[in-house]
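Hello,

Here is the structure for you to look through. My notes come after it.

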Amino acid sequence: MLNAEKVEQFRTLGYLALPHFFTTREVAALQAEIARFQREGRLRNVATDGDGKTHSTSRANLQLIPLFDKSTLLRALPFEERVTQAVGQLIGEPFILHLDQMFLKPARQGTGTSWHQDNAYFKIADTLKGTAMWIAAHDATLANGTLSVIPGSFKEEYFHGRDPDSDHHIRCYPPEERALPIELAAGGVVFFCYGTAHCTGANNTDRQRAGIAFHFLRTDHIPEVARFQRTHLSGPEATGGEKEYGTKVAGTWEREVEQVLAQV
Ligand SMILES: O=C(O)CCC(=O)C(=O)O
């Protein structure tokens, strides 16, 4: 359970960092799945050379979206009680899993995801009713381009245009002097609401770094037009994944972790 102070921080500043949210074993399982995705050639470089079209050969921002259909481990993660409890406290119940994705920054060549507010995509009425949970799958530092947020920026709406450094993203130019980089050991998470401006930076180190992001949205804020996933995680429509995936997913996280680790 999050204490009142933490919930209050999310509501007033639009973000909350929780170090050591996942255990060392859980992190090892996440890293093993990332390695499998890489072996299977599933990641796609979305970085472009300044025209929003030409894929860069010198810089890489490797994206994989969605995740639920490629990994039973990652499909189980958002159902985990630690996650649903925290999300419920931060944005209120009931809520859905809105989308899941991963960004990997290769050593030296890794480039960041530019500044944006997720609500520039989702356009929900109250940006505190949706949150990302960004997981540091590896130690995330200033040197390898960890996540930065602009505290309080959910109260402002920045203009977004096409990002010339990505083949499909949009970006904004917020007041960067207010940026707060968040360094976290692997397994730490940052919750940030749909209005919080955020970005990641270049990876200037000799080791790759990945972030895995799940987005959660209160059901009373689901947009009219059907977009992305809609897996009910709490409330009367939640079936533990049976309705969406045809099998009970809730409660399988620990087993999934052990299964992945047994194969390493
Ligand atoms: O990890 C990244 O590079 C960007 C993540 C992000 O922008 C998001 O989850 O909304």
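Below are the basis of the model, then the core, one strand and the ligand shell.

This is a predicted model: local features need pLDDT of at least 70, side-chain atom pairs count only at pLDDT 80 or more, and totals for chains, interfaces and linings use all residues. Numbering starts from 1 along each chain as its sequence is written.

Start with strand β5, residues 130-136. Strands here are DSSP E runs of at least two residues, numbered from the N terminus. Seven of its seven residues are buried, so β5 is largely enclosed by the rest of the structure. Buried means 20 or more other C-beta atoms within 10 Å of the residue's own, with C-beta atoms placed from the backbone. Gly130, Ala132, Trp134 and Ala136 point one way, while Thr131, Met133 and Ile135 point the other.

β5 has two antiparallel partners to look at (pairing needs at least two DSSP bridges). Seven bridges join β5 to β12, residues 209-218. There, Trp134 sits opposite Ala213. Five bridges link β5 to β10, residues 189-193. Ile135 has Val189 as its bridge partner in β10.

Now the core. The largest nonpolar core (buried Ala, Val, Leu, Ile, Met, Phe, Trp, Tyr and Cys joined through C-beta atoms within 7 Å) holds 71 residues. Met133 is among those with the most contacts inside it.

Last, the ligand. The residues around the ligand (C-beta within 6 Å, placed from the backbone) include Asp118, Ala132, Trp134, His198 and Ala213. β5 and β12 each supply at least two residues of this shell.

Best wishes

Note on methods
A residue is buried if 20 or more other C-beta atoms lie within 10 Å of its own, exposed if 12 or fewer, and partly exposed in between; C-beta atoms are placed from the backbone. Helices (H or I, at least four residues) and strands (E, at least two) are DSSP runs, numbered from the N terminus.
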